[in-house]
Amino acid sequence: APRRSGSTLLALLTLWGSLLLAPPAAAVEPATEPVVVAPGSSEATNDNGQRKLIETKDGTLELIFVQHQDQVDRIVVTSSSDKGRTWSEPVLLSRAGIPARLGSLTEDAAGRLHAAWVDYETVGHVWHAVREDGVWSQPAKISPGPTYAGFPVLAAQSGRVHVLWYSSVPDESYDIGSRYEIVHVVNEAGTWAAPTVVSVGGLDALNPTVAQDRTGTVHTAWYERDVGRYQAHYAFLDDGGDWQGPSVLSTDARDALGVAMDVDPAGTVHLVWEQFGNLGAEVLYSALGPAGWSNPVTVAAAPTVDPVIASDDSGRVFAAWSDRRQVFVAQLNDGGWSEPSILGEGAHPTLAAGEQVRIAWTRPGGAGSEVVVADLLSAENEEGISPPAGLVATSAVLFALALLAIGAFFYRSRP
């Protein structure tokens, strides 16, 4: 009957119009094609807890990574003054001919750029350099003694620069005569204070991460083996210069490794880590707000490695990780995480907070590996990737004409 056919057609057209004209679902995609920065080692942007890509106060992007040259890994820094479209020739920071890896960056209140890395002339020690008025200082060893110190991370607070790393600490109560702890040093007016221990009680406290909120409070997290398995721990530096905590965040019976953190403009602390299970590690997420830590939620199913997290100036939060073959990213929306998007081949992602979140990672390229950088979300496109405006307008016109045609059909076929 005509009336039944018209109803069916109207329903189909209504569905078609709703699909075409509905607001697009939020998407996480690079706003630009990844830009090749320079050749790098196969682990050029490793480790996930360190901030390697930063946006400075004047809008310059700075990237620290590892290049392999003359059979030696070395720490280099490169800059971009055009939002990552082009990059300067990498500048060597580490000592010539001495293997070095695991670099990290921060900017202080005066606009000086600080870098720290591990120098492997012997077992591994933390070295530091600072750039002022465009000139880098001579690198200097800042971890004391002959014992191993590694995985440095940095934060700047007023006139102070904070560096944390993990180091071997003598302890005769253990069979091996020592344990690994998270240590903290402060540089004020160019002078380094004696290290203090942040972690307490565990056999191995490893691979710290650090972030600073807009009030100046420094937050840190790490993983520590203190109950027969590794757990994610958190602490913060109070106004008196003392570390408060640690709090244990992971409660699963399996290991928790690979922590990374950021603080958004509202002061919420965001933390991700690798939580191991039968299929490998999945990425878990928790946030510290006024009510305390949220219950951990899954960002990505196993297998995953090297999770990182960052927020932009408007508070949008992104996480990235890899499965050792490809790099993935997801966005936090109303307390839940979007479906992961694949950014491309590679590993060891690192995120930069700023006007928008940018990502760097290491991927195969040329004769070996290369470092690439991309925007996760353009500043002009705040709702994700949308259909072209012309397509939406054309669809609206066609939909309106279709509704008029259906109206005429009903008018002609009424009893």
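# Getting to know a strand-rich predicted model

User: Hi! In which order do the four strands of the open sheet that includes β1 line up?

Analyst: Welcome! Keep in mind that this is a predicted model. The sheet is open, and its pairing is antiparallel. Its edge strands are β1 (35-40) and β30 (347-352), each pairing on one side only. From one strand to the next, the twist averages 25°. Read across the sheet, the order is β1-β32-β31-β30.

User: How many helices and strands does the protein chain have overall?

Analyst: Let's take the whole chain before returning to that sheet. The protein chain has 415 residues, and 53% of them are buried. Its secondary structure consists of two helices and 32 strands.

User: What share of the contacts between residues at least 6 apart in sequence join residues at least 24 apart?

Analyst: Here we set aside pairs that sit less than 6 places apart in the sequence. Among the contacts that remain in the protein chain, the share joining residues at least 24 apart is 46%.

User: And what part of the exposed surface comes from carbon and sulfur atoms?

Analyst: Start with the total: the protein chain exposes about 19000 Å². Of that area, carbon and sulfur atoms supply 54%.

User: Back to the sheet, please. How many bridges pair β31 with β32?

Analyst: Strand β31 covers residues 358-365, and strand β32 covers residues 368-375. One bridge pair to look for is R358 with D375 in β32, and W361 stands opposite V372. The two strands are antiparallel, and their bridges number eight.

User: Which residue in the turn between β31 and β32 has a positive phi?

Analyst: β31 and β32 form a hairpin, with two residues between them. The phi angle in question is about 60°, and the residue that has it is G366.

User: What about the β30 side: how many residues lie in the hairpin that joins β30 to β31?

Analyst: β30 and β31 run antiparallel and are joined by four bridges. You can spot the pairing at T350, which stands opposite A360 in β31. The hairpin goes from β30 to β31 through five residues.

User: Is β31 mostly covered or mostly open, and how many of its residues are buried?

Analyst: To count as buried, a residue needs a relative accessible area under 20%. β31 has eight residues and is mostly covered, with a buried count of six.

User: Which strands are the edges of the sheet that contains β3 and β4?

Analyst: This is an open, antiparallel sheet in the order β2-β3-β4-β5. Inside it, β3 (residues 61-69) and β4 (residues 72-80) pair over nine bridges, and F65 has V76 in β4 as its bridge partner. The strands that pair on one side only are β2 (53-55) and β5 (91-92).

User: Why does T56 count as buried?

Analyst: T56 is found in the loop between β2 and β3. Beyond its neighbours within four places in sequence, T56 is in contact with E62 and E107. T56 counts as buried because its relative accessibility is 9%.

User: T60 is in the loop between β2 and β3 too. Which side chain makes a polar contact with the side chain of T60?

Analyst: T60 is buried, with a relative accessible area of 16%. Leaving aside neighbours within four places in sequence, T60 is in contact with I54, E55, S79 and S80. The side chain of T56 makes a polar contact with D58 at 2.5 Å. For T60 the distance is 2.9 Å, and the side-chain partner is D58.

User: How far apart are the C-alpha atoms of T60 and S81?

Analyst: Along the chain, T60 and S81 are 21 residues apart. In space, their C-alpha atoms are separated by 4.8 Å.

User: Finally, which residues have the most contacts inside the largest nonpolar core?

Analyst: In soluble globular proteins, nonpolar side chains tend to be buried together. The largest such core here has 22 residues, and the strands supplying at least two of them each include β11 (149-157) and β12 (160-170). Those with the most contacts inside this core are L164, I182, V198 and W243.

User: Which residues does W243 contact, leaving aside its neighbours within four places in sequence?

Analyst: W243 belongs to that largest core. A second, separate core of 15 residues includes A260, V283, Y285 and A330. For W243, the contacts are L164, H184, V198, V218, T220, A235, F236 and L237.

Notes
Residues numbered from 1 in each chain as written. Predicted model: local features only at pLDDT ≥ 70, side-chain atom pairs only at ≥ 80, totals over all residues. Heavy atoms only, no water. Buried < 20%, exposed > 50% of the residue type's maximum accessible area, 1.4 Å probe, protein only. Contact = heavy atoms within 4.5 Å. Areas by Shrake-Rupley, 256 points an atom, 1.4 Å probe, with all protein chains shown as cover. Pairing = 2+ DSSP bridges. Axes fitted to C-alpha atoms, helices over the stretch in contact; angles between N-to-C directions. Core = buried A, V, L, I, M, F, W, Y, C linked by side-chain atoms within 4.5 Å. Polar contact = N/O pair within 3.5 Å; in protein donor to acceptor, adjacent residues only side chain to side chain.
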